[in-house]
Amino acid sequence: NLVNVAVSRSMDSGQSFVLANPAAQTIHDRQWMEADQKDVLYLTGNSFGGGTFPTQPVGNVGHFLYKSKDGGQTFSPGVQDEEGGEGLGDLQVDKSNGTLYEAHYDGETLSMAAFRDARRDDLTPDLSTVAAGVDMLSHWPSLDLDPAGTLYITWDESGQGARRAGIWYAYSKDGARSWSRPYRVDRGPRTDIWPWLAAGDN
């Protein structure tokens with residue numbers, strides 16, 4: 001909506017939805033959400049003096065992360081998610097252990113934040129460097145996990161940093177503690193933006 005982010009919930013594989021919270025975030029933009037165990041979900045977004053309804057008054061400015069344990073009806077107080085650069089949105093949860101992942105970017109280094117104790121309500125990030133010398137254009141990397149827990153990320157480069165312009169990709173097999181070297185995916189001479197990926201089998 002104009003100045004709020006609503007959360008709706010489906011209990012029948014998307015055939016119908018019920019409004020769980022009309023203003024899960026207020027005065028927000030660029031919201032992202034990811035579910036974990038039953039009734040548990042994480043929500044993030046850029047706040048312009050907003051908060052969550054009904055649990056937190058307005059006042060948050062910046063990028064914030066929230067957790068709900070009742071299917072989106074209420075949320076925890078916002079945790080400012082800007083350590084090591086601003087959090088970029090796309091959230092993924094490793095369902096085997098509850099680790100929550102989100103990419104971070106400080107204008108030069110692309111990092112991965114791993115919230116390893118998210119199931120215990122500890123939203124402290126463990127940061128690792130995916131690539132240095134990054135000059136992104138769209139600022140929305142995409143990430144996903146396969147069933148074995150391998151984490152994949154893709155992003156665009158302008159050509160003004162350490163790499164040529166194009167779409168780049170890296171992966172981690174140890175829970176974002178270390179990363180492969182970046183690989184360029186596209187071959188053309190032109191600039192490409194907004195890559196998206198989805199993982200399949202192991």
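Here is a short walk through the structure, one selection at a time.

This is a predicted model, so local features need pLDDT of at least 70 and side-chain atom pairs count only at pLDDT 80 or more, while totals for chains, interfaces and linings use all residues. Residues are numbered from 1 along each chain as its sequence is written, and side-chain values use heavy atoms, leaving out hydrogens and water.

**Stop 1: the open sheet**

Select strands 7 to 10 (strands are DSSP E runs of at least two residues, numbered from the N terminus). These four strands make an open sheet in the order 7-8-9-10, with antiparallel pairing (two strands pair if DSSP finds at least two bridges between them). At the edges you'll find strand 7 (86-93) and strand 10, each pairing on one side only. From one strand to the next, the twist averages 25 degrees (axes are lines fitted to C-alpha atoms, and angles run from 0 to 180 degrees between N-to-C directions).

Now zoom in on strands 8 and 9, an antiparallel pair with six bridges. Which residue of strand 9 stands opposite tyrosine 105? Click on leucine 110 and you have it.

**Stop 2: the largest core**

Keep Leu110 selected and add Met112, Ile153 and Trp155: of the 20 residues in the largest nonpolar core, these touch the most other members. Such a core is a set of buried Ala, Val, Leu, Ile, Met, Phe, Trp, Tyr and Cys residues joined through side-chain atoms within 4.5 Å. Buried means under 20% relative accessible area, exposed means over 50%, and partly exposed is in between (1.4 Å probe, protein chains only). Strands 8 (100-105), 9 (110-115), 10 (126-131), 11 (142-145), 12 (151-157) and 13 (166-172) each supply at least two residues of this core. There is also a second, separate core of ten residues, including Leu91 and Ala113.

Next, show what surrounds methionine 112. Leaving aside neighbours within four places in sequence, the contacts of methionine 112 (heavy atoms within 4.5 Å) include Tyr101, Leu127, Leu143, Ile153 and Trp179.

**Stop 3: strand 12**

Is strand 12 mostly covered or uncovered? Covered: seven of its seven residues are buried. Leu151, Ile153, Trp155 and Glu157 lie on one side, with Tyr152, Thr154 and Asp156 on the other.

Color strand 11 too, and you'll see an antiparallel pairing with strand 12 over four bridges. In this hairpin, five residues sit between the strands, and glycine 149 takes a positive phi near 95 degrees. Strand 13 also runs antiparallel to strand 12, joined by seven bridges. Threonine 154 is a handy marker here: serine 142 stands opposite threonine 154, and tyrosine 169 in strand 13 is a bridge partner of threonine 154.

**Stop 4: the rings**

Tyr169 turns up again in a cluster with Tyr152, Tyr171 and Tyr183, linked by ring pairs. Rings of Phe, Tyr and Trp (its six-membered ring) pair if their centres lie within 6.5 Å; planes under 30 degrees apart are stacked, over 60 edge-to-face, and the rest tilted. The count comes to six aromatic pairs.

Select tryptophans 140 and 194 for a tilted pair, 6.2 Å centre to centre with 40 degrees between the planes. Tryptophan 140 is in the loop between strands 10 and 11, while tryptophan 194 is in the segment after strand 14 (183-184), 54 residues apart. Tryptophan 140 counts as partly exposed because its relative accessibility is 22%.

**Last stop: glutamate 34**

Jump to strand 3 (residues 28-35) and pick glutamate 34. Glutamate 34 counts as buried because its relative accessibility is 15%.
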